[in-house]
Amino acid sequence: MATVTYHAPLGDSEVVSLMGLRFFDGEPRELDDAEHPGLLAKLATNPHFAVEGAVLSVLDATDPPPIGLRAVHRGFGRYAIVRGDEDAEIRDGLNKAEAHAFNALSEAEKRAFVG
């Protein structure tokens, strides 16, 4: 288990939502390392989050090859999940935080997210 604490920037929102999870300023939240490895890896590099006790894994030869899912900016604050090139749109309607969190996921988590 990892403990994640959000530290809101001065004058910014005291609540942030990522991948369907809400984080409140200064309140620790426990996340399962196995259930949220991509999100934990992304939050560990974010200056507004403190992550403690996470076991961050690295892709190895036993992981399936990437299938090319990623979130891209479509303009006007809209992001979409695409496969391969930008013409193969899978899902749209993401905001910037959701897009960044999606891109931090492992390939297996990305496949599970889009179904």
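A residue counts as buried when its relative accessible area is under 20%, as exposed when that area is over 50%, and as partly exposed in between. Phe113, with a relative accessible area of 33%, is therefore partly exposed. This vocabulary recurs throughout the following account of the structure, which is a predicted model.

The overall plan comes first. The chain contains three helices and eight strands. Read from the N terminus, these elements follow the order β-β-β-β-α-β-β-β-β-α-α. Of the 115 residues of the chain, 28% count as buried. Contacts also reach across the sequence: among those between residues at least 6 apart, 43% join residues at least 24 apart.

A sheet offers a convenient point of entry. Three strands form an open sheet in the order S4-S1-S5, and their pairing is antiparallel. Strand S4 (28–31) and S5 stand at the edges; each has a single partner strand, so one side of each is left without a neighbour in the sheet. On average, neighbouring strands of this sheet are turned by 25° against each other, direction ignored. Between S1 and S4, the antiparallel pairing extends over four bridges. One residue shows how the bridges connect the strands: Ala2 has Leu31, in S4, as its bridge partner. Helix H1 packs on the sheet and touches S1, S4 and S5, while its direction makes about 125° with that of S5.

The nonpolar interior may be considered next. The largest nonpolar core has 13 residues, of which Val4, Leu18, Phe23, Leu31, Leu39, Leu43 and Phe49 touch the most other members. The elements that give two or more residues to this core are strand S1 (2–6), strand S2 (15–18), S3 and helix H1 (37–44). Val4 illustrates the contacts made in this part of the chain. Leaving aside residues up to four places away in sequence, Val4 touches Phe23, Glu27, Pro28, Arg29, Leu31, Leu40, Leu43, Phe49, Ala50 and Val51. A second core, separate from this one, consists of eight residues and includes Tyr79, Ala99, Phe102 and Leu105.

Aromatic rings provide another view of the interior. A pair of aromatic rings is described by the distance of the centres and the angle of the planes. Ring centres must lie within 6.5 Å to count as a pair, and by this rule there are three aromatic pairs. How are the rings of Phe23 and Phe49 arranged as an aromatic pair? Their centres are 5.4 Å apart and their planes stand at 85°; because an angle over 60 degrees counts as edge-to-face, this pair is edge-to-face. The pair links distant parts of the chain, since Phe23 belongs to strand S3 (residues 21–24) and Phe49 to strand S5 (residues 49–52), 26 residues apart. Phe23 has a relative accessible area of 1% and is buried. Phe49, at 9% relative accessibility, also counts as buried. Ring pairs join Tyr6, Phe23 and Phe49 into a cluster.

Phe102 and Phe113 form an aromatic pair with 5.5 Å between the centres and 55° between the planes, an arrangement classed as tilted. This pair, too, links distant parts of the chain: Phe102 lies in helix H2 (residues 96–103) and Phe113 in helix H3 (residues 107–114), 11 residues apart. Phe102 is buried, with a relative accessible area of 0%, whereas Phe113 is partly exposed at 33%.

Two charged residues complete the picture. Is Lys110, in helix H3, buried or exposed? With a relative accessible area of 6%, Lys110 is buried. Its contacts, not counting residues up to four places away in sequence, are with Leu69, Phe102, Asn103 and Leu105. Among these partners, Phe102 and Leu105 are members of the second core.

Arg29 is found in strand S4. Arg29 is partly exposed, with a relative accessible area of 29%. Although Arg29 and Thr3 are 26 residues apart along the chain, their C-alpha atoms are separated by 5.5 Å. Apart from residues up to four places away in sequence, Arg29 touches Ala2, Thr3, Val4, Leu21, Arg22 and Phe23. Arg29 also lies over the face of Phe23, at 5.8 Å from the ring centre. This returns the account to Phe23, which is a member of the largest nonpolar core and part of the aromatic cluster with Tyr6 and Phe49.

Definitions and conventions
Residues are numbered from 1 along each chain as its sequence is written. This is a predicted model: local features need pLDDT of at least 70, side-chain atom pairs count only at pLDDT 80 or more; totals for chains, interfaces and linings use all residues. Side-chain values use heavy atoms; hydrogens and water are left out. Rings of Phe, Tyr and Trp (its six-membered ring) pair if their centres lie within 6.5 Å; planes under 30 degrees apart count as stacked, over 60 as edge-to-face and the rest as tilted. Buried means under 20% relative accessible area, exposed over 50%, partly exposed in between (1.4 Å probe, protein chains only). A charge sits over a ring if NZ of Lys or CZ of Arg is within 6 Å of the ring centre and within 35 degrees of the ring normal. A nonpolar core is a set of buried Ala, Val, Leu, Ile, Met, Phe, Trp, Tyr and Cys residues joined through side-chain atoms within 4.5 Å. Contact means heavy atoms within 4.5 Å. Two strands pair if DSSP finds at least two bridges between them. Axes are lines fitted to C-alpha atoms, for helices over the stretch in contact, and angles run from 0 to 180 degrees between N-to-C directions.
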